[in-house]
Amino acid sequence: MSIEATVEKFIREEILHGTGPEKLERDTSLIDSGVLDSLTLLRLITFIEEQFGVEVEDDEVIPDYFESIGSIKEFVEKKK
């Protein structure tokens, strides 16, 4: 499964609990749309670290990296 598909599946199942839009587009703002808040962002970061074997540093917890599924994919690829 691709990074994008894995992240989308986690968001749908663990954060949105099966509710929300039918598909999260690659460039949909997860923050502006209300999908992610401070607590769910921390859950997502923990998932990303465990799933992809990367470490997210404190100074990397910025909207630019977690704004969308596309930006998360780019961040994970950069960290690997």
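The exercises below, each with a worked solution, concern a predicted model of a protein.

**Exercise 1. Confidence**

Determine how confident the predictor is in the protein overall, and in which helices confidence is lowest and highest.

Solution. Start with the whole chain: the mean pLDDT is 93. Next, take the share of residues that score at least 70, which is 98%. Then go to the elements. Helix 3, residues 63-66, has the lowest confidence, with a mean of 92. Helix 4, residues 69-79, has the highest, at 97.

**Exercise 2. Fold content and overall dimensions**

List the secondary structure elements of the protein in order, then decide how its radius of gyration compares with the globule rule.

Solution. Count the elements: there are 4 helices and 0 strands. Read from the N terminus, the order is α-α-α-α. The radius of gyration is 11 Å, close to the 12 Å that the globule rule gives for 80 residues, so the protein is as compact as a globular protein of that length. For the extents, the C-alpha trace spans about 30 × 25 × 20 Å along the principal axes.

**Exercise 3. Contacts, surface and charge**

State what share of the contacts comes from residues 24 or more positions apart, then describe the exposed surface and the charges.

Solution. Consider contacts with a separation of 6 or more: residues 24 or more positions apart account for 58% of them. Turn to the surface, where the protein exposes about 4900 Å². Carbon and sulfur atoms supply 48% of that area. As for burial, 40% of the 80 residues are buried. Finally, the protein carries 9 positive and 20 negative charges, and the mean positions of the two sets lie 6 Å apart.

**Exercise 4. Helix 4**

Identify the buried residues of helix 4 and the elements they pack against.

Solution. The buried residues are Ile69, Gly70, Ser71, Ile72, Phe75 and Val76. Their packing partners are helix 1 (3-15), helix 2 (38-52) and helix 3. One of these residues, Ile69, returns in the next exercise as a contact of Leu24.

**Exercise 5. Two buried residues**

Locate Thr6 and Leu24, classify each by accessibility, and give their contacts beyond four places in sequence.

Solution. Begin with Thr6, which is part of helix 1. Its relative accessible area is 10%; the cut-off for buried is under 20%, so Thr6 is buried. Outside the four places on either side in sequence, Thr6 touches Met1, Phe47, Gln51 and Phe52. A distance completes the entry: the C-alpha atoms of Thr6 and Asp59, 53 residues apart along the chain, are 24 Å from each other.

Now take Leu24, found in the loop between helix 1 and helix 2. At 2% relative accessibility, Leu24 is buried. With neighbours within four places set aside, Leu24 contacts Glu8, Ile11, Arg12, Leu16 and Ile69. Between the C-alpha atoms of Leu24 and Arg43 there are 18 Å, at 19 residues of separation along the chain.

**Exercise 6. Two residues with greater accessibility values to classify**

Place Ser33 and Glu50 in the structure and assign each an accessibility class.

Solution. Ser33 sits in the loop between helix 1 and helix 2. Its relative accessible area is 45%. Partly exposed covers the range between under 20% and over 50%, so Ser33 is partly exposed. The C-alpha atoms of Ser33 and Ile11 are separated by 13 Å, with their positions 22 residues apart along the chain.

Glu50 belongs to helix 2. The value here is 65%, and Glu50 counts as exposed. From the C-alpha atom of Glu50 to that of Leu16, 34 residues apart along the chain, the separation is 20 Å.

Methods
Residues are numbered from 1 along each chain as its sequence is written. This is a predicted model: local features need pLDDT of at least 70, side-chain atom pairs count only at pLDDT 80 or more; totals for chains, interfaces and linings use all residues. Side-chain values use heavy atoms; hydrogens and water are left out. pLDDT is the predictor's confidence in each residue, from 0 to 100. The radius of gyration is taken over C-alpha atoms; the globule rule is 2.2 Å times the number of residues to the power 0.38. Buried means under 20% relative accessible area, exposed over 50%, partly exposed in between (1.4 Å probe, protein chains only). Contact means heavy atoms within 4.5 Å. Accessible areas come from the Shrake-Rupley method with a 1.4 Å probe; for residues, only the protein chains shown count as cover. Lys and Arg count as positive and Asp and Glu as negative; His and the chain ends are not counted. The place of a charge is taken as NZ of Lys, CZ of Arg, CG of Asp or CD of Glu.
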